[in-house]
Amino acid sequence: MKKLFYVGIVGIILFEILNVYFIMPMPGSQRMNSINVAYFLYHFRWFFRIVFSLMIAFGIVNEFKKRKWIPAIASIIAIAVIYLFNFQMVADHMFKQPSQLSFQSKDKNKLNDSSMVVAVENNGEVKAYPIRYIVYHHQVQDVIGGKPMIITYCSVCRTGRVYEPTVKGQPEKFRLVGMDHFNAMFEDATTKSWWRQVNGEAIVGSLKGEALPEVESVQLSVRKLFELYPDALVMQLDKSSKSSYDSIGKFEHGKSKGDLTRTDSLSWKDKSWVVGIQVGPTSKAYDWNKLKEMRIINDKVGEKAIVLVLSTDNQSFVAFERADAEIFAFRNDTLIVNDKRYNFSGRGLATSQQLKKINAYQEFWHSWRTFHPQTEQYK
């Protein structure tokens with residue numbers, strides 16, 4: 001009975017630690033290909049807890065009869081570990097959803113002009129989500145232009161993505177469950193499959209291989225947002241999350257000091273910023289320092305001719321398709337080709353023509369190359 005008690009104590013402590021270790025950014029955990037082990041432990045967590053609890057229950061009476069302090073201390077340690085790893089270190093307990101979503105127009109918006117947002121346009125409605133807020137929430141579920149969407153952000157990858165929360169045509173709810181290879185991971189409410197934030201793909205569970213429909217989004221400063229979309233609405237501070245927000249925007253401006261969220265000022269380092277573009281199976285990464293120097297890059301990703309531009313605010317960027325023979329110029333945030341001019345959103349200034357956007361993502365270089373291992377570097 002003595003052995004049974006201590007096997008149960010040690011077993012439940014190790015289980016609770018490992019159950020969180022594999023899906024949180026702990027030393028070594030995110031560099032392993034351990035997602036299947038992590039999912040197995042999590043999926044069968046109540047089985048392990050019941051088995052170890054029964055062992056403790058069968059042995060606890062006899063052990064307390066023989067000695068009191070040792071089993072009491074062991075029990076206290078076990079309870080502390082259970083509490084710590086189930087209530088303090090669980091992803092959706094650490095990063096909570098907004099208690100209430102609120103938006104304001106340009107006149108009532110309280111964010112400064114240099115704040116960065118992820119903006120989405122649908123059916124004539126434009127909503128913007130400040131990075132300094134969604135970097136804490138990791139995901140915000142909203143409706144834009146009548147369509148449900150999930151706006152996601154992972155601070156460790158510096159990846160912003162927007163998806164339709166639908167699986168096989170059916171609406172779905174998601175919660176933050178942890179991370180894999182330093183990228184946020186969500187769990188759907190129906191099948192409990194785990195989905196990767198960076199590409200919306202289910203990586204483990206019964207829906208493995210399925211992908212969420214991605215929605216076009218763009219990263220802009222608040223100033224550029226209202227310049228392009230005067231009627232846009234901007235998400236405002238959630239009072240219940242105020243103390244957790246990056247209120248002065250250290251992360252979005254590359255001034256965070258944390259090991260996971262810092263920025264390398266030199267090019268092509270793990271935490272250097274790049275803009276990544278993928279067209280079909282081909283992907284390419286553009287160094288942020290080079291983009292700031294050039295301001296405009298006419299290039300090809302695979303067989304697709306593209307143009308990538310960075311605003312004079314050094315924050316807002318966007319990419320468009322172009323014809324092979326077209327070489328764009330860029331002056332005062334205006335795209336120029338032949339005798340045609342387009343504003344930063346790709347709208348023609350003298351015509352009704354609209355350039356076709358391509359999703360472009362600002363990420364840490366380590367993240368882009370991890371999830372696009374065959375990517376080409378623009379130099």
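**Exercise 1. Find the residue in E21 that stands opposite Arg331, then work outwards to the sheet.**

Step 1. Look across from Arg331 and you land on Thr334 in E21. Heads-up: the model is predicted, with local features needing pLDDT of at least 70, side-chain atom pairs counting only at pLDDT 80 or more, and totals for chains, interfaces and linings using all residues. Residues are numbered from 1 along each chain as its sequence is written, and side-chain values use heavy atoms, leaving out hydrogens and water.

Step 2. Zoom out to the strands (DSSP runs of E, at least two residues, numbered from the N terminus). E20 pairs with E21, residues 334-337, through three bridges in the antiparallel sense; pairing here takes at least two DSSP bridges between the strands.

Step 3. Now add E22: the three strands make an open sheet ordered E20-E21-E22, with antiparallel pairing. E20 (329-331) and E22 (340-342) are the edge strands, each pairing on one side only. From one strand to the next, the twist averages 30° (axes are lines fitted to C-alpha atoms, and angles run from 0 to 180 degrees between N-to-C directions).

**Exercise 2. Which residue in E16 stands opposite Gly276, and what sheet surrounds the pair?**

Step 1. Gly276 faces Ala285 in E16.

Step 2. Check the strands: E15 (residues 273-279) and E16 (residues 282-287) run antiparallel, joined by six bridges.

Step 3. Place them in the open four-strand sheet, whose order is E24-E15-E16-E25 and whose pairing is mixed. Its edges are E24 (360-364) and E25 (376-378), each pairing on one side only. The twist averages 35° from one strand to the next.
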